[in-house]
Amino acid sequence: MAIGKLGAPPVVGQPPNTLLTRPTWTEGLFSWLTTVDHKRLGILYLVTSFIFFGLGSIEALLIRLQLAIPDNTLLSPDFYNQMFTMHGVTMVFLAIMPMGIGLANYFVPLQIGARDLAFPRLNAFGYWVYFVGGLFIYTSLFLGGAPDVGWVAYAPLTSLSNNPGLGTDFYMIGLFVSGIGTLVTAMNLIVTVINMRAPGMTMMRVPMFTWMMLITSFLIIFAFPPLTVALFQVMMDRTFDTLFYVPAAGAMPILWQHLFWIFGHPEVYIIILPAFGVISEVIPTFSRKPLFGYPVIILSGIFIGFMGFAVWTHHMFTTGLGPVVNTAFALTSMVIGIPTGIKVFNWLGTIWGGKVRLTTSMLYAIAFLVTFTVGGITGIMLAVPPFTAQAHDTYFVVAHFHFVMGGGALLAFISGLYYWFPKITGKLLDERLGKLTFWIMVPSFWLIFFPQHFAGLMGMPRRTQTFVPGIGLEIWNLLSTVGALIMGVGLILFVLNIILGFVRGKPAGNDPWDARTLEWSTTSPPPYYDFDRQPVVNDRDAHWVQKYPESVHGERVPESASEPYDRGGAHIPGQSWYPFVAALALLPFSYGWLYDNMWVVGISMLVVTVATYAWALEGVGGKHIPVGDALDADTERGEGGRS
Amino acid sequence: MSAHTAASVDHTASHGTYKSTNLPDIKLMMWVFLASDIMFFGTLLGTYLVYRNRSLTGPFPTDVLDIPLTTVSTFVLLMSSFLMVLALHSLRQDDIFKFRLWTFGVAFFGAIFLGFQIYEFIHFVDLGLTLQGNLFGTTFYVLTGTHGVHVAIGILWLLSIFVHSFVKPWTSKDEVYLEVAGLYWHFVDLVWIVIFTVVYLVEFI
Amino acid sequence: MHWRRRLLGGLAIVAVLLMSACDFSGPQSAMSPAGPVAQAQLDVFMWTYWLSWPVMLLVGGVLAYALYRFRAKNEEDSKTIPHQTHGNTQLEIAWTIIPVILVILVAVPTVRTIFASEYRIEREQYTADDVIVRATGYQWWFKFEYPVEGFVTANEMVIPVGRRVIVELDSADVLHAFWVPNLAGKRDMIPNQDNQVWFSADAPGVYYGQCAELCLGAHAYMRFRVIAMDEADYQAWVDAFQRGAELTQNVQADPLVEQGRQLMAQKGCIGCHTVDGFYPGVAVGNPDYPDLTNFGLRTTVGAAIRENTPEHLAAWIRDPQVMKPGNRMPTLWTADDPNAEEEAAALAAYLLSLGVASDETTATLGGTHGDR
């Protein structure tokens, strides 16, 4: 495979005190298992997340087939419950969020002119933990049934007495484990963006996608701990008979909802802010104009992120918190509409006066704008507690969050994928097939989810495997199911287009879109060391200014505009087995916990500990490439540029 | 304008490449981790507070908590933080003997604290406070237990530094690694002060 | 480009036609309120709905116009560099103010509606005119107790038109939600938490309700009805329940009914189900299972999933898992039991006779049978 030759640092001397020989594979399976290269890990993230997305889509299709007609018996209630739970868990935790993280892995270092994340091995660990967590959750389908409590898993439905099967344990342990991966990756990204920006790249010159990932990462580090603790509490209840969510002992089941949504609402922004970032790259590029109101977009992103922690009970308007609490959280929730609206207007302002090229990527970005605006408007409606009293847990809510998560985040990530695919592979995707897919995907998306607003208003609750005939729900559900079938075709075409792109895409060149940010200044795909010389940044849209300095600076082009940074050289970190080993040991750890086998848990923890020590002792390793001329002499360079 | 001229290039720390903030990555990382860890303890403490006074059966906090005993262990932990400062100071002065001594001292004091905690747990179980007995037991053990695990990891870390300092002699160039461990240790210490106040002292006001 | 625009236009016309052709009212629709609470909730929704149109038209219009006007006309044109504007403070202030105004326009009626419809009525504020119902969610049915009137029923709550109904909510196991869209939005039923919802009905009618919080198993079939009656009919209904024992003992003349009564005991039904007056003076059943007293007055079977006809009821008794998969009622006969159909019919006959024996109740309640 072409991307297998993305390269890896050449052989270096072995530190003597490691358990496992420092790996140096540049090709083949082992090179992927031991890689610490942010680009390879980014590809792994993207491929894995799209595989999970495919699984989640199959689950969605089964759900829609079951709901095509009333009183359908295609799926049993039990299996249906498993399907919508796995659909939610998959899409939120295993597909859409990792898509953003995958793009971040690949493009944050490139956008800020760095050569990797701050902690490359930790990055590998983060990916493998996510992989292990996802794999673990999916094995539940073969080990006695998947989780069936909904992706929010409200207590006390998750207690051992109410839910004796293993499904809930799979949910709790799987998310606990994959959450660790997400946390370390977020920490890694924060340090990277704060500390590894190229010389001259002040925070106000950082590309918007990177900015949004920085905010997202902060949201992750503050939002995941409450979830992790809540998952741990439920597992304590199930494993050690503690009383966290046992009403008979005086516990308050509502606590789970608070902890879950203190995580869960920021999670929504963890998913959508990277999407905002992608859109903020795509629209300026294809309008050939800088992002309109760059500081305002950053500020509104920070504001959205901050307020994300102050709105969680709008998911709980029907739990009887009282009019004062509901009013407070209704107002904070509505306030979030303001920065979001500002962003939308700023994207419109970016298009205005530009030279718009309607590439597939741009089409998806435009579809994002419209779809997301509708989702935002229904979001404001749902911030109204009296209306939410009716709409809560109905298909109106289902429609709303699919408009923001599917029509928002997913369309944005697909846009980003069309945008960055040439950079990742060096090949262009087929634009005609891409546009055909677009005209199948987006209308079918609307056909699925727009009617669901009406189904919800007319009284259809979510998470029910059937609905009553004769109260007006049939037509909306049928339309939804037809839409889902069409979108299935669209997704197959999408995958086909990606595969065709890999196999026989036309060469892309370094900068096929005449784009603006630093990732386009290196080769496609980038060499393993990313940049020949570390760029020096004097402006926002650094690459654009290098190409067209006069378009920004007029006659007064600064002397230093394109002077590369030529001190220090590049350090290319060495590959390592330990992140992979430590992450893999979490698999037996999870099964040990699942089956209450504390020996397996103990031994797994021991392996993790030993791997951690070996990890610390082996050091960063790798190779130091001195300035400039060494890179020029590097034999792999030409190959890296073309493969 | 030329921000890069003011930038430092640190060949020894991390990757030997340009650092935007002049801070070592690993130190920033610890700060970020601790920010996240605050939320872990915040959630556990929040759970404890939500369930405070909701236990249906005893023993209740005032039945079991022993302020004088825990004050002693708290003091020991505080002193360990003081030793941590001394250890870092000694390493910066390249006084390796004292650096080793104080580092070991921190771990030793930490171990004493942990010993107190283990004794306390055994004693409480004897008094009838169990993990499964009532909400106070459930939330108390999970909160203080999580803190205990943090202390244990800290001890392991400091002992590892202590041993490593013999394997590969440490100098003041390695101070950042001790500083990071110190940040962690001070944080764990600080968390205990909060727990001691909220869980122990408040009950007797 | 033209076929696309035509396609979009066509889709839009189809969508508008579909929407205008559709009637959003229904017995479980939030769009056809039958009481002041649901009306207030709908009003604030409609307000936000009409406000959303200008927003959508503004965003969509500007976007469409900008895409048309500023599109690259050809390959050559796409290489030109437009003016590199970074922003415009006045514009940005303007479009900060627009959402602020919109949010204020939404917020004011929201807060008013919250305080008008969501306040809690404390017990000491209950008046003699209020109807108090204690609703408990079970997997997968609803228990309705009338503490003032002193009886218990299941899955069908009968209320008088015009009077305030205060429903105290509790759950016996996991979370459930009490939701009658025509009358009021939902409120969760949470163990260890005293929730409450109140509403009133403007007109007699049958209003559908459904559990809206996932409770596994037969969650989709956890339905109920609120039946609003005129005051006189309501009083007759209450009276029938207060005389439940007496009515039960009056109905055993018919041999089929008598056979059903005996089967109730033989098959163990009364181990769980209460029938007031089943054995004179002896309590049967368990309060944690649906109370079947006056079952003949019910309009539905299986937690409001089928109309209460002899056929449906017999089928339900014969094999509850067919009609409501996952529910906890046992099947009493093996598949090849030759007597199953007949015995189920006898049980159905007995149950349908409960509460409808006396002439005056039959007369007043006849009208509530069947779907309105």
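## A tour of chains A, B and C

Select chain B: seven helices, zero strands. Helices (H or I, at least four residues) and strands (E, at least two) are DSSP runs, numbered from the N terminus. Read along the sequence, chain B goes α-α-α-α-α-α-α. Its C-alpha atoms fill a box of roughly 65 × 45 × 25 Å, taken along the principal axes.

The model is predicted: local features need pLDDT of at least 70, side-chain atom pairs count only at pLDDT 80 or more, and totals for chains, interfaces and linings use all residues. Residues are numbered from 1 along each chain as its sequence is written, and chains are lettered from A and ligands numbered from 1 in the order in which they are written.

Now colour chain B by burial. A residue is buried if 20 or more other C-beta atoms lie within 10 Å of its own, exposed if 12 or fewer, and partly exposed in between, with C-beta atoms placed from the backbone. Of the 205 residues of chain B, 40% are buried. Next, contacts: two residues are in contact if their C-beta atoms, placed from the backbone, lie within 7 Å. Among contacts in chain B between residues at least 6 apart in sequence, 81% join residues at least 24 apart.

Stay in chain B and go to B:Pro59. The peptide bond from B:Gly58 to B:Pro59 is cis, with omega near -5°. B:Pro59 sits in the loop between α2 and α3 (61-64) of chain B.

**The interfaces**

Show chain A beside chain B. Here 36 residues of chain B are in contact with 43 residues of chain A. On the chain B side, α1 (3-6), α2 (25-50) and α6 (135-167) each supply at least two residues. α2(B) gives the most, with 13 residues. The chain B side divides into 19 nonpolar, 14 polar and three charged residues. Ala, Val, Leu, Ile, Met, Phe, Trp, Tyr, Cys and Pro count as nonpolar, Asp, Glu, Lys and Arg as charged, and the others, Gly among them, as polar.

Add chain C. Of the two pairs of chains in contact, chains A and C share the most contacts. This contact takes 79 residues from chain A and 80 residues from chain C. On the chain A side, α9(A) gives the most, with 16 residues. The chain A side that touches chain C divides into 45 nonpolar, 27 polar and seven charged residues. No contact joins chain B and chain C; their closest C-alpha atoms lie 11 Å apart.

**Helix α6 of chain A**

Select A:208-240, which is helix α6 of chain A. The expected span of a helix is 1.5 Å times one less than its number of residues. The 33 residues of α6(A) should span 48 Å, and the end C-alpha atoms are 46 Å apart, which agrees. Zoom to A:Ala223, where α6(A) bends by about 30°. The bend is the angle between axes fitted to the seven residues ending at a residue and the seven starting there. A proline, A:Pro225, follows A:Ala223 within four residues. Just after the helix comes A:Asp241, with a positive phi near 55°.

Of the 33 residues of α6(A), 30 are buried, so α6(A) is largely enclosed by the rest of the structure.

**The cores**

A nonpolar core is a set of buried Ala, Val, Leu, Ile, Met, Phe, Trp, Tyr and Cys residues joined through C-beta atoms within 7 Å. The largest has 375 residues; A:Trp128, A:Met187, A:Ile190, A:Ile279, C:Leu183 and C:Ala348 touch the most other members. The largest share of this core, 21 residues, comes from α6(A). A second, separate core of five residues includes A:Tyr528, A:Tyr529, A:Phe531 and A:Ala570.

Pick C:Leu183. Not counting residues up to four places away in sequence, C:Leu183 touches residues including C:Ala34, C:Phe199 and C:Val226.

**A hairpin in chain C**

Select C:176-180, strand β6 of chain C. Five of its five residues are buried, so β6(C) is largely enclosed by the rest of the structure. C:His176, C:Phe178 and C:Val180 point one way, and C:Ala177 and C:Trp179 the other. In a regular strand the side chains alternate between the two faces of the sheet.

Add strand β7 (residues 184-189) of chain C: four bridges join β6(C) to β7(C), and the two run antiparallel. Two strands pair if DSSP finds at least two bridges between them. C:Ala177 stands opposite C:Asp188 in β7(C). A hairpin of three residues joins β6(C) to β7(C).

**Last stops: backbone angles in chain C**

Most residues other than glycine have a negative phi, and most peptide bonds are trans. Go to C:Trp140: a cis peptide bond joins C:Gln139 and C:Trp140, with omega about 5°. C:Trp140 lies in the loop between β1 (131-138) and β2 (141-146) of chain C.

Then select C:Asn155, where phi is positive, near 65°. C:Asn155 is buried, with 23 other C-beta atoms within 10 Å. Finish at C:Asn294, with a positive phi of about 55°. C:Asn294 is in the loop between α6 (255-266) and β11 (300-301) of chain C.
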